[in-house]
Amino acid sequence: MPRYEFRCRACGDTFEVNRPMARAGDPASCPQGHADTVKLLSTVAVTGRSGGGPVGGAPPAPAGGCCGGGGCC
């Protein structure tokens, strides 16, 4: 379930709420009971392999075709 971060405008506390994405925009009260909160923008880090090669580690396919290294010209 996604986690959303909120900040209370009354006390300045930052807190997280777990809820379905369908309820992402619903208001949330801070743990101190204040209702004046704002949802913060979250950053998402997506990590993966470096090198930009094909998935699975296979070498890139040679450039083929006529005049592309196929030897037909």
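A disulfide is a pair of cysteine sulfur atoms within 2.5 Å. The exercises below concern a predicted model.

**Exercise 1. Cysteine pairing**

Determine how many disulfides the structure holds, and examine Cys-8 and Cys-11 against the cut-off.

Solution.
Step 1. The cysteine sulfur closest to that of Cys-8 belongs to Cys-11, at 3.6 Å.
Step 2. Seen from the other side, the cysteine sulfur closest to that of Cys-11 is in Cys-8.
Step 3. A disulfide requires the two sulfur atoms to be within 2.5 Å, so the 3.6 Å between Cys-8 and Cys-11 is too far for a bond.
Step 4. The structure accordingly holds zero disulfides.
Step 5. As to surroundings, Cys-8 is buried, at 2% relative accessibility, whereas Cys-11 is partly exposed, with a relative accessible area of 38%.

**Exercise 2. Strand order and pairing**

Establish the secondary structure content and the order of the strands in the sheet.

Solution.
Step 1. The protein has three strands and zero helices, and its pattern along the sequence is β-β-β.
Step 2. The three strands form an open sheet in the order β2-β1-β3, with antiparallel pairing.
Step 3. β2 and β3 (37-39) each have a single partner strand and stand at the edges, so one side of each lacks a neighbour in the sheet.
Step 4. From one strand to the next, the twist averages 35 degrees.
Step 5. Five bridges pair β1 with β2; Arg-7 is partnered by Thr-14 in β2, and Glu-5 by Glu-16 in β2.
Step 6. β1 and β3 are joined by three bridges, and the bridge partner of Cys-8 in β3 is Thr-37.
Step 7. The connection of β1 and β2 is a hairpin with five residues between the strands, and Gly-12 in its turn has a positive phi of about 80 degrees.

**Exercise 3. The two faces of β1 and the core**

Assign the residues of β1 to its covered and uncovered faces, and identify the residues of the largest nonpolar core.

Solution.
Step 1. Tyr-4, Phe-6 and Cys-8 make up the covered face of β1, while Arg-3, Glu-5 and Arg-7 make up the uncovered one.
Step 2. The largest nonpolar core contains eight residues: Tyr-4, Phe-6, Cys-8, Phe-15, Val-17, Ala-24, Ala-28 and Cys-30.
Step 3. At least two residues of this core come from each of β1 (3-8) and β2 (14-18), and β1 gives the most, with three.
Step 4. Leaving aside residues up to four places away in sequence, Ala-28 touches Phe-6, Phe-15, Val-17, Arg-19, Ala-35 and Thr-37.
Step 5. For the protein as a whole, buried residues account for 14% of the 73 residues.

**Exercise 4. The aromatic pair**

Count the aromatic pairs and classify the geometry of Phe-6 and Phe-15.

Solution.
Step 1. A pair of aromatic rings is described by the distance of the centres and the angle of the planes.
Step 2. Ring centres must lie within 6.5 Å to pair, and the count comes to one aromatic pair.
Step 3. In Phe-6 and Phe-15 the ring centres are 5.7 Å apart and the planes are at 15 degrees, so the pair is stacked; the cut-off for stacking is under 30 degrees.
Step 4. Phe-6 and Phe-15 are both buried.

**Exercise 5. Contact range**

State what share of the contacts between residues at least 6 apart in sequence joins residues at least 24 apart.

Solution.
Among those contacts, 28% join residues at least 24 apart in sequence.

Technical notes: Residues numbered from 1 in each chain as written. Predicted model: local features only at pLDDT ≥ 70, side-chain atom pairs only at ≥ 80, totals over all residues. Heavy atoms only, no water. Core = buried A, V, L, I, M, F, W, Y, C linked by side-chain atoms within 4.5 Å. Buried < 20%, exposed > 50% of the residue type's maximum accessible area, 1.4 Å probe, protein only. Helix = DSSP H or I, 4+ residues; strand = E, 2+ residues; numbered from the N terminus. Contact = heavy atoms within 4.5 Å. Phe/Tyr/Trp six-rings, centres within 6.5 Å; stacked < 30°, edge-to-face > 60°. Pairing = 2+ DSSP bridges. Axes fitted to C-alpha atoms, helices over the stretch in contact; angles between N-to-C directions.
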